[in-house]
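Trainee: Got a minute to go through a model with me? I'd like to talk about its packing and its charged pairs.

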Amino acid sequence: MNLDNLKNHWQHHHSACGSEFAINEAILWQVKINKQMTHLNQMKWARIFESCVFLLIIFLLGQYIADNLSVSASFISASILIIFAIVGFAGNIGQIVLISKVDYANPVSQLQKDMFRVCSHKLQLTKLLLMSAPFYFAYVFIGFDVLLGVDLFKHLTLKMICFYSFFSVFLFFVMAVLLTKLDYKNISVVWVKNIINFVLGPRLVSLAQFVNKIDSNER
Amino acid sequence: MSKTKKRLFAQAMEQHKGIVFKVVNSYCPNIYDRQDLAQEILTTMWITFDNYDNTSKFSTWMYRIALNVAISYYRKDSKRADKTSLPDEQIVQIPDLSDVHQSEDITLLYQFITQLDELNKAIILLYLENESHETIANTLGISTSNVSTRLSRIKELLKKQFNKRES
């Protein structure tokens, strides 16, 4: 087999297949958006909607903090939750910028990485939620205060406070390990793959594997 | 888009539409998917043609878009809307691979390419177009050493496949 001959054949095949390839220009000139771009636009609108929701949460929590300006369990809980809401809001703005920057003329590896970042938004939200898990009592304190008007912290015994604090510290370490591992770079780890598959679906698992393969070859 | 741009796009496409055919046939085993993918590639090129700035060859720009769309599309799952019903008015009419007159070598080459993974498919397609290792690396966003390593493995496999047929 001669590779140069094969290359020549291939390049001549170019004109042969092109001649039988018909383009309806009249319809093409009218096209302003296609399936992939429609999908990206839908994602952008979804992120804009989520940003509005985060903004509303930030506003409500801000108002709650302003109304409870004293060192109390409710004040600290709201302060913790507002940080997560701000992180969520900033992440969403980042996503909107990223979607606007998606360019199909970029090198393959860059576009595929961008696509993974854009499409794995649900995974980022899950991570944010998991990150707030060690502070789960912040939700409980605020819930009791807003819905029932009860300051739950005052009703907790020292033993219970110690138990919940220990559990929160334990959760913090579990989540720290979980969140550092939960990345496309660890897609070869079975449980990471299963979580990504569960949260994002098989298409994104395959995209993560592709991106990871490129990265590992470059290292 | 102005008439001049339409004319420029049409001219460039006329010259290079074989690229779309090759990418589509290398990445899509299903004939209905091929039609759909060709349409998606073509419309992406048309929509983004405004951003083409002549810094690279038109064929290289076309390859980047075609490969990016094909790799993204290839990954779509079977949930895609029914494959048997295509719109009445199609933007592109792509011939079936078997309808295009081609040598036995080309048929075997297509068979070989379809067996490769997504990245290696892109590498061999660009290599066969006589692109340099640097251009392949830039198009794919990987290092030239990675291109060289992968290419030598692909060539080895290719030789084996062709030698097997000859023997």
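Here is our chat about this predicted model.

Trainee: Which helix gives the largest share of the largest nonpolar core?

Mentor: That core has 95 residues, and among the members touching the most others are Tyr104(A), Val20(B) and Leu67(B). So both chains show up in that list. The largest share, 11 residues, comes from residues 58-74 of chain B, that is, helix 3.

Trainee: And between which domains of chain B does this core lie?

Mentor: Look at who contributes residues. Both domains of chain B give some to the core, so it sits between them: domain 1 (1-98) and domain 2 (101-167).

Trainee: Which residues of chain A does Leu140(B) touch?

Mentor: Leu140(B) is one of the core members that touch the most others. Leaving out residues up to four places away in sequence, its contacts in chain B include Leu67(B), Leu119(B) and Leu126(B). On the chain A side, Leu140(B) touches Pro107(A), Val108(A) and Ser109(A).

Trainee: How many residues are in the second core?

Mentor: This one is separate from the big one, and its members include Phe84(A), Leu128(A), Ala138(A) and Ile142(A). The count for that second core is 13 residues.

Trainee: On to charges. Which residue of chain B forms a salt bridge with Lys35(A)?

Mentor: The structure holds 10 salt bridges over all chains. This one crosses between chains, running from helix 3 (residues 35-67) of chain A to helix 2 (residues 31-48) of chain B. With the closest N and O atoms 2.8 Å apart, the partner is Asp36(B).

Trainee: Of that pair, is Asp36(B) buried or exposed?

Mentor: Lys35(A) has 45% relative accessibility, so that end counts as partly exposed. Asp36(B) is at 13%, and the cut-off for buried is under 20%. That makes Asp36(B) buried.

Trainee: What is the N to O distance between Glu50(A) and Arg47(A)?

Mentor: Both lie in helix 3 of chain A, 3 residues apart, which is about one turn of the helix. Both Glu50(A) and Arg47(A) are buried, too. Their side chains meet in a salt bridge, N to O, at 3.4 Å.

Trainee: What relative accessibility does Lys17(B) have?

Mentor: Lys17(B) forms a salt bridge with Glu14(B), with the closest N and O atoms 3.2 Å apart. The two lie in helix 1 (residues 3-27) of chain B, 3 residues apart. Lys17(B) counts as buried because its relative accessibility is 6%.

Methods:
Residues are numbered from 1 along each chain as its sequence is written. Chains are lettered from A and ligands numbered from 1 in the order in which they are written. This is a predicted model: local features need pLDDT of at least 70, side-chain atom pairs count only at pLDDT 80 or more; totals for chains, interfaces and linings use all residues. Side-chain values use heavy atoms; hydrogens and water are left out. A nonpolar core is a set of buried Ala, Val, Leu, Ile, Met, Phe, Trp, Tyr and Cys residues joined through side-chain atoms within 4.5 Å. Buried means under 20% relative accessible area, exposed over 50%, partly exposed in between (1.4 Å probe, protein chains only). Helices (H or I, at least four residues) and strands (E, at least two) are DSSP runs, numbered from the N terminus. Domain bounds come from an automatic or database domain assignment. Contact means heavy atoms within 4.5 Å. A salt bridge is a side-chain nitrogen of Lys or Arg within 4 Å of a carboxyl oxygen of Asp or Glu.
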